[in-house]
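This briefing is for a reader who has not met the structure before. Please look over the sequence and the model shown here, then read the points grouped by topic.

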Amino acid sequence: MRTLKELTRPNVWALKPYSSARDEYSGVEASVFLDANENPYNTPNNRYPDPLQRELKALIAPLKGVKEENIFLGNGSDEAIDLVFRAFCRPGVDNVVAIDPTYGMYQVCAEVNDVEYRKMLLDVYYQFKASSLLSAIDENTKAIFVCSPNNPTGNSLCRKEIESLLKRFDGLVIVDEAYIDFSSSESLLKDLDKYPNLIVLQTFSKAWGCAAIRLGMAFASPEIIAIFNKIKYPYNVNRLTQEEAIKVLQHPETIKGWVNTLLEERARVMEEFVKLPCCVRVFPTDANFFLAKVYEATQIYNYLVSEGIIVRNRTNVALCNDCLRITIGTKEENEALLEALKKVEVE
């Protein structure tokens with residue numbers, strides 16, 4: 001691996017971060033706050049939140065089997081994705097490599113930051129070879145993005161190939177595990193110490209049922225986390241988000257119950273979906289959704305919209321022609337979908 005200094009943009013490495021009022025007295029018990037130009041009324045919303053989310057990280061660390069200094073919390077996983085580009089990729093010079101198809105925000109963030117985005121097509125099984133991704137790199141490649149379980153395909157990527165990337169690539173490897181709670185595959189979190197170039201992304205939006213609070217997690221070496229904290233906005237995770245996350249973390253058994261129910265429904269819905277006249281194929285999945293190839297995906301999508309049922313039309317995505325992505329909902333929602341699709345006539 002190149003040194004972190006070699007990977008980091010020179011201006012970021014030299015940057016003196018903004019020091020917020022709440023940073024400067026860290027570790028001191030205080031009761032009178034006259035430092036941050038806050039309104040003294042309307043407690044508790046009048047006070048700025050903890051910029052490093054210490055209480056929340058203290059709960060996440062044992063749950064994930066990592067140290068608090070290995071955790072970055074942001075406004076959704078998208079913030080951490082964007083920070084990779086802002087911290088490590090020189091606009092107009094550096095590039096990143098990613099599998100295709102995959103989560104669209106990697107490319108959006110690359111384009112926003114004026115960083116070349118190199119796509120490498122998955123095979124017919126929606127898998128990749130490390131050698132294929134590595135063939136696309138050059139001396140200005142700073143990062144490789146893989147999503148496992150992948151979106152929109154739903155399948156987990158081959159762990160051996162991911163590990164091969166981590167061993168052979170001298171830049172950063174970002175593994176997005178947004179759907180890992182629905183998979184039987186093991187998270188790469190336990191390998192953070194083994195691979196200093198590894199960044200693992202997870203989220204509260206999926207299994208934890210908290211998409212509305214916009215809380216994403218990035219796990220990496222303390223040195224990479226320090227770079228993220230250096231350039232993030234001072235109060236990037238608001239107090240209400242932190243408090244709601246703390247609440248849900250008190251009830252992990254509830255989350256496990258939701259996951260088990262969704263996995264049972266996933267199996268049932270996929271089994272029923274295969275029987276539909278409009279279904280061509282249902283692809284294997286390790287997520288809370290599945291990808292299905294159907295006859296005339298756009299026509300079926302529009303029909304479902306007219307019935308008040310919204311799925312995701314992925315027909316214009318690479319390797320996903322005439323495919324719909326179906327999220328697993330409640331049993332009632334799933335039944336509404338299946339019943340609507342039973343009425344579709346195939347010529």
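Leaving aside neighbours within four places in sequence, D170 is in contact with M1, R2 and L7. The model is a predicted one. The notes below begin with D170 and go on to the sheets, the helices on the sheet, one buried serine and two helix pairs.

**D170 and its contacts**

- D170 is found in the loop that runs between α8 and β5.
- The C-alpha atoms of D170 and R2 are separated by 5.4 Å, although the two residues are 168 residues apart along the chain.
- D170 has a relative accessibility of 34%, so D170 counts as partly exposed.

**The sheet of 7 strands**

- Strands of a sheet pair through backbone hydrogen bonds, and the pairing is either parallel or antiparallel.
- One open sheet has 7 strands in the order β1-β7-β6-β5-β4-β2-β3, and its pairing is mixed.
- The edges are held by β1 (71-74) and β3 (116-121); each has a single partner strand, so one side of each is left without a neighbour in the sheet.
- From one strand to the next, the twist of this sheet averages 20°.
- Within the sheet, strand β4 (residues 141-147) pairs with strand β5 (residues 172-176) in the parallel sense, over 5 bridges.
- V146 has V175 in β5 as its bridge partner.

**Helices packed on that sheet**

- Helix α4 (residues 54-64) packs on the sheet and touches β1, β6 (198-203) and β7 (216-219).
- The direction of α4 makes about 125° with that of β1.
- Helix α8 (residues 159-168) also packs on the sheet, where α8 touches β4, β5 and β6.
- The direction of α8 makes about 155° with that of β5.
- Buried residues in α8 are E161, I162, E163, S164, L165 and L166.
- The cover over these buried residues of α8 includes α7 (130-134), β4, β5 and β6.

**The sheet of 4 strands**

- Another open sheet has 4 strands, ordered β8-β9-β11-β10, with antiparallel pairing.
- Its edge strands are β8 (279-282) and β10 (312-313); each has a single partner strand, so one side of each is left without a neighbour in the sheet.
- β8 pairs with strand β9 (residues 289-294) in the antiparallel sense, over 3 bridges.
- The bridge partner of V282 is A292, in β9.
- A hairpin of 6 residues joins β8 to β9.
- At the other edge, β10 and strand β11 (residues 323-327) run antiparallel and are joined by 2 bridges.
- R312 stands opposite R325, which lies in β11.

**S77, a serine in α5**

- S77 lies in helix α5.
- The relative accessibility of S77 is 10%, so S77 counts as buried.
- Apart from neighbours within four places in sequence, S77 is in contact with Q202, T203 and G216.

**Helices α5 and α6**

- Two packed helices are described by the angle between their axes and the distance between the axes.
- The axes of helix α5 (residues 76-88) and helix α6 (residues 105-112) cross at roughly 45° and come within 9 Å.
- That angle makes α5 oblique to α6.
- The crossing in which α5 passes α6 is right-handed.
- On the α5 side, D78, I81, D82 and F85 take part; they meet M105, Y106, C109 and A110 in α6.
- By class, the residues of this contact divide into 6 nonpolar, no polar and 2 charged.

**Helices α11 and α13**

- Helix α11 (residues 252-274) packs with helix α13 (residues 331-342) at an angle of about 5°, and their axes are 11 Å apart.
- That angle makes α11 roughly parallel to α13.
- From α11, the contact is made by E265, R268, V269, E272 and F273.
- From α13, the residues in the contact are K331, N334, E335, L337, L338 and L341.
- The contact of α11 with α13 has 5 nonpolar, 1 polar and 5 charged residues.

Note on methods
Residues are numbered from 1 along each chain as its sequence is written. This is a predicted model: local features need pLDDT of at least 70, side-chain atom pairs count only at pLDDT 80 or more; totals for chains, interfaces and linings use all residues. Side-chain values use heavy atoms; hydrogens and water are left out. Axes are lines fitted to C-alpha atoms, for helices over the stretch in contact, and angles run from 0 to 180 degrees between N-to-C directions. Angles under 35 degrees count as roughly parallel, over 145 as roughly antiparallel, 65 to 115 as roughly perpendicular and the rest as oblique. Contact means heavy atoms within 4.5 Å. Ala, Val, Leu, Ile, Met, Phe, Trp, Tyr, Cys and Pro count as nonpolar, Asp, Glu, Lys and Arg as charged, and the others, Gly among them, as polar. A crossing is left-handed if the near helix is turned anticlockwise from the far one by less than a right angle, and right-handed if clockwise. Two strands pair if DSSP finds at least two bridges between them. Buried means under 20% relative accessible area, exposed over 50%, partly exposed in between (1.4 Å probe, protein chains only).
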